Amino acid sequence: QVQLVESGGGLVQPGGSLRLSCEFSGSGFSIYPMAWYRQAPGKQRDLVAVITSDGIINYADSVKGRFTISRDNAKNTVYLQMNSLKPEDTAVYYCNRLPNNPLWGQGTLVTVSS
């Protein structure tokens, strides 16, 4: 059974950076596209970035040029480097494979505030 554990969130000032990690437990990590999502308070969960098994990447328009998704298949881990953070990036960040595993992780909270 797939388990997803996100980490790396925290409180950061506007303009700052954070690096999120997502550890994937289970088989097949290297063949799945992996994605980062975020859910701000009172809002729906939105797709932020996707990386395919062969490294094709797509970003939501709101994070292009600021966020970088990457993966390490040897470590079953996907990362999200977030730079130039804005208050509107405040959310709980989740990762999941595509298609989505029905069991989501607990997420990691990112708060951007001065």
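Two strands pair if DSSP finds at least two bridges between them. A strand is itself a DSSP run of E, at least two residues long, while a helix is a run of H or I of at least four; both are numbered from the N terminus. This is a predicted model: local features need pLDDT of at least 70, side-chain atom pairs count only at pLDDT 80 or more, and totals for chains, interfaces and linings use all residues. Residues are numbered from 1 along each chain as its sequence is written, and side-chain values use heavy atoms, with hydrogens and water left out.

**View 1. The whole chain has 10 strands and 0 helices.** Read along the sequence, the pattern is β-β-β-β-β-β-β-β-β-β. The C-alpha trace spans about 40 × 25 × 20 Å along its principal axes. A compact globule of 114 residues would have a radius of gyration near 13 Å, and the chain agrees, with 13 Å. That radius is taken over C-alpha atoms, and the globule rule is 2.2 Å times the number of residues to the power 0.38. The chain exposes about 5900 Å², and carbon and sulfur atoms supply 49% of this area. Accessible areas come from the Shrake-Rupley method with a 1.4 Å probe; for residues, only the protein chains shown count as cover. Of the 114 residues, 39% count as buried. Buried means under 20% relative accessible area, exposed means over 50%, and partly exposed lies in between (1.4 Å probe, protein chains only). Take the contacts between residues at least 6 apart in sequence: 53% of them join residues at least 24 apart. Contact means heavy atoms within 4.5 Å.

**View 2. An open sheet holds 6 strands.** Their order is 2-10-9-4-5-6, and the pairing is mixed. Strand 2 (10–12) and strand 6 are the edge strands, and each pairs on one side only. From one strand to the next, the twist averages 25°. For such angles, axes are lines fitted to C-alpha atoms (for helices, over the stretch in contact), and values run from 0 to 180 degrees between N-to-C directions. Strands of a sheet pair through backbone hydrogen bonds, either parallel or antiparallel.

**View 3. Strand 10 sits beside strand 2 and strand 9 in the sheet order.** Strand 2 and strand 10 run parallel, joined by 3 bridges. Here Gly-10 stands opposite Val-110. Strand 9 and strand 10 are antiparallel, also with 3 bridges. In this pair, Tyr-93 stands opposite Thr-108. Which side chains of strand 10 are buried? Thr-108, Val-110 and Val-112 are, and they point to one face. Leu-109 and Thr-111 point to the other face and are not buried.

**View 4. Strand 3 pairs with strand 1 (residues 3–7) and with strand 8.** Strand 1 and strand 3 are antiparallel over 5 bridges. Val-5 stands opposite Glu-23 of strand 3. Strand 3 and strand 8 also run antiparallel, with 6 bridges. Glu-23 has Thr-77 of strand 8 as its bridge partner.

**View 5. The largest nonpolar core has 25 residues.** A nonpolar core is a set of buried Ala, Val, Leu, Ile, Met, Phe, Trp, Tyr and Cys residues, joined through side-chain atoms within 4.5 Å. The residues with the most contacts inside this one are Trp-36, Phe-67, Val-78, Leu-80, Met-82 and Tyr-93. Two or more residues come from each of strand 3 (18–25), strand 4 (34–39), strand 5, strand 7 (67–72), strand 8 (77–82), strand 9 (91–97) and strand 10 (108–112). Strand 3 gives the largest share, 4 residues. Leaving aside neighbours within four places in sequence, Leu-80 touches residues including Leu-20, Trp-36, Val-48, Phe-67, Ile-69 and Tyr-93.

**View 6. Thr-52 lies in the loop between strand 5 (45–51) and strand 6 (57–59).** Strand 5 and strand 6 pair in the antiparallel sense over 3 bridges. Ile-51 has Ile-57 of strand 6 as its bridge partner. Is Thr-52 buried or exposed? Thr-52 is buried, because its relative accessible area is 19%. Beyond its neighbours within four places in sequence, Thr-52 contacts Pro-33 and Arg-71.

**View 7. Asp-72 belongs to strand 7.** Asp-72 has a relative accessible area of 23%, so this residue is partly exposed. Apart from neighbours within four places in sequence, Asp-72 is in contact with Phe-29, Thr-77 and Tyr-79. Asp-72 and Pro-14 are 58 residues apart along the chain, and 28 Å separates their C-alpha atoms.
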